[in-house]
Amino acid sequence: MIKYSIKRLLQSLFTLFIIVTIVFLLMRLLPEEGYFGASYDKLDEQQKEAILTSMGLRDPIHKQLGSFYKKLLEGDLGQSITFRPKVPVAEIIKDKIPYSLYFGLAAIGISLVAGVSLGIAMAMGKGKMWDKLGTGYVVFIRAVPAAVYFLFLQLYLTSVFKLPILFDIDKPISWILPTISMSLGGIASYAMWIRRYMVDELNKDYVKLARAKGLKGRKIMIKHVFRNAFVPMAQYLPATILFTIAGSIYIESLYSIPGMGGLLVEVIKRQDNTLVQALVLIYSSIGIVGLFLGDILMAIFDPRINLEKKGGAR
Amino acid sequence: MEKENIILSVKDLVIKFKLRGDILTAIREASLDLYEGESLAIVGESGSGKSVFTKSFMGLLDGNGWIDSGSIIFEGEEISKYKREEDWIKIRGKKIAMVFQDPMTSLNPLRSIGKQVQEAVELHQGLKRDEAKKKTIEILKDVGITEPERRYRQYPHEFSGGMRQRVVIAIAIACTPKVLICDEPTTALDVTIQAQILDLLKGLKEKYKLTTIYITHDLGVVANVADRIAVMYAGDIVEIGKCEEVFYNGQHPYTWALLSSLPQLGVKGEDLFTIKGTPPNLFYEIKGDAFAPRNPRALKVDFIHKPPYFDVSPTHKAKTWILDPRSPKVEPPESIKILRAQWEVVSHG
């Protein structure tokens with residue numbers, strides 16, 4: 001396992017390097033007026049040139065990239081250039097993390113509990129009422145663009161239940177809608193996957209043997225079917241959890257939650273290169289760590305998986 | 001052999017399935033008496049209903065199948081009336097256990113084999129943890145698994161096919177059943193392993209005083225293990241008798257056809273015998289003798305009336321009009337005549 005982890009770590013670093021470099025270069029391709037925002041028209045060419053030089057944007061690309069990586073290795077993510085000029089990026093992000101983390105954890109909790117229960121109910125009563133209702137829900141959530149029902153929820157539920165439209169840290173009641181909205185997609189995915197994998201497992205011979213052994217239906221479901229159905233899910237569970245915790249880009253901007261997701265949209269608009277690079281670095285690391293944890297988790301659950309040997313039996 | 005005590009009695013059992021809106025009759029008024037301590041083989045080609053027939057003894061029919069009429073009586077209790085899971089739980093494993101055909105898929109790949117056997121031990125022998133583990137290891141040793149303590153912790157993928165089938169058998173034994181149904185226990189195995197597994201089953205039958213039912217289409221298996229043979233065709237038992245009786249003195253044309261298909265009975269240089277045609281379509285009602293359309297020696301009456309059982313001996317009966325005293329004399333095929341000649345020697349010394 002250790003050997004495998006080291007190998008994976010090196011591969012991950014290489015992947016991160018490629019992602020960050022590409023994003024770095026893409027940001028440099030954006031039109032330059034973005035750096036000035038509203039004041040663009042008021043500045044003359046010389047002033048603009050002076051600002052761009054002070055931001056280090058007039059240096060040759062390879063030099064910019066070199067100094068970025070040099071600083072990164074020293075643990076310095078740089079300073080914001082347009083969003084909150086001269087403020088260290090790390091500080092800005094640090095303030096945002098708690099919001100995304102709390103909303104993310106709440107949403108994950110709700111979607112895991114509700115989604116997995118719904119999935120089990122659907123699998124056990126395949127073709128019956130729960131299955132039909134659940135399938136309807138999953139299809140709706142997956143087929144309709146998320147923006148539609150997010151906006152619908154915000155618009156109607158706030159007026160029906162007299163809930164605040166925007167997030168307010170001091171009013172816990174304003175936390176409800178964003179949390180629910182964030183859970184909807186998760187519930188649908190977990191329910192769909194659990195149902196699918198459980199139905200797959202239910203048709204296998206070992207379930208017949210377990211019945212012939214005299215095990216009760218409920219026990220077979222929990223001890224054999226659910227556990228086995230969970231293995232393929234285990235692989236991408238950490239990644240989805242981490243991503244949810246990292247904040248929902250859309251929900252955060254919809255409810256003006258000052259979290260990381262909303263921040264990314266904001267800083268891309270403002271062309272704050274250093275902040276974008278830092279956020280992309282964080283998000284990609286989360287993705288990579290998530291996948292890695294998923295593989296480890298699967299190896300723990302499934303004795304047939306050996307992460308170190310290549311190929312092998314079957 | 002104490003042939004007096006009937007442990008399981010099936011009478012005129014009809015099992016139907018609903019498939020895409022159509023109704024299929026898988027078992028057509030089949031009857032069978034199983035005697036305590038005996039070893040019965042049910043033979044027949046694929047789709048003749050062997051598996052469905054025995055699965056109904058444990059309430060393991062698929063969701064779209066049901067017992068339409070007839071009865072199954074086990075130890076005096078009419079189990080064919082059972083509807084609820086709780087009733088069947090009393091039978092499954094505890095009274096009747098099953099060994100399935102494919103050992104590669106009948107074990108849970110994610111649980112150690114020890115745990116899977118132990119599950120049955122805890123469920124049916126009322127033992128807990130350490131005691132249950134001790135018993136499990138004992139059973140593993142009984143089914144011929146070497147180093148059971150080490151193997152206990154291993155997973156199915158670390159076992160070969162033959163070894164996995166031993167584990168499946170261990171699970172069945174751990175239930176301490178009275179009747180053990182072996183559904184093609186050797187079909188999926190290597191030829192060299194088949195004999196070992198059959199020997200193992202024979203040994204376990206003696207040790208645990210089991211009544212066994214073998215489902216197979218391999219007559220070689222039958223000759224090896226069975227006291228009695230039931231020949232099944234299109235959901236009905238067309239002939240049943242002691243092993244020697246059915247082998248050497250078969251009466252039903254289908255039994256003849258099955259025996260003639262044995263490569264051992266073929267003549268060197270000639271093509272092997274095959275049964276022409278396919279089994280009847282079970283979606284339609286079958287008139288007369290189900291085998292008649294494939295039977296070159298069929299009588300006219302075979303196409304009109306379903307034959308009843310005719311006794312050949314107190315232990316041997318067959319459902320064919322040939323045995324009716326009014327029937328014209330029907331000559332069996334050459335290979336059957338050879339077998340009958342041997343039968344004369346066997347039965348009359």
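**Exercise 1. Determine how many residues each chain gives to the contact of chain B with chain A, and which elements of chain B take part.**

Step 1. Chain B contributes 26 residues and chain A contributes 21 residues, two residues being in contact if their C-beta atoms, placed from the backbone, lie within 7 Å. The model is predicted: local features need pLDDT of at least 70, side-chain atom pairs count only at pLDDT 80 or more, and totals for chains, interfaces and linings use all residues. Residues are numbered from 1 along each chain as its sequence is written, while chains are lettered from A and ligands numbered from 1 in the order in which they are written.

Step 2. On the side of chain B that touches chain A, two or more residues come from each of helix H2 (85-89), strand S6 (96-99), helix H3 (113-125) and helix H6 (161-174) of chain B. Helices (H or I, at least four residues) and strands (E, at least two) are DSSP runs, numbered from the N terminus.

Step 3. H3(B) gives the most to this side, with four residues.

Step 4. By class, this side of chain B holds 15 nonpolar, six polar and five charged residues. Ala, Val, Leu, Ile, Met, Phe, Trp, Tyr, Cys and Pro count as nonpolar, Asp, Glu, Lys and Arg as charged, and the others, Gly among them, as polar.

**Exercise 2. Describe the secondary structure and the domains of chain A.**

Step 1. Chain A has 13 helices and zero strands.

Step 2. The C-alpha atoms of chain A fill a box of roughly 85 × 60 × 30 Å along the principal axes.

Step 3. Chain A comprises domain 1 (2-73) and domain 2 (96-301), with bounds from an automatic or database domain assignment. The centres of the two domains, taken over C-alpha atoms, are 33 Å apart.

Step 4. Domain 1 of chain A brings 13 residues to the contact and domain 2 of chain A brings 11 residues. The side of domain 1 that touches domain 2 consists of eight nonpolar, four polar and one charged residues.

**Exercise 3. Characterise the packing of H8(A) against H9(A).**

Step 1. The axes of helix H8 (residues 205-212) and helix H9 (residues 217-234) of chain A come within 11 Å and cross at roughly 145°. Axes are lines fitted to C-alpha atoms, for helices over the stretch in contact, and angles run from 0 to 180 degrees between N-to-C directions.

Step 2. From H8(A), A:Tyr206, A:Val207, A:Ala210 and A:Arg211 meet A:Ile220, A:His224 and A:Val225 of H9(A).

Step 3. The residues of this contact are five nonpolar, one polar and one charged.
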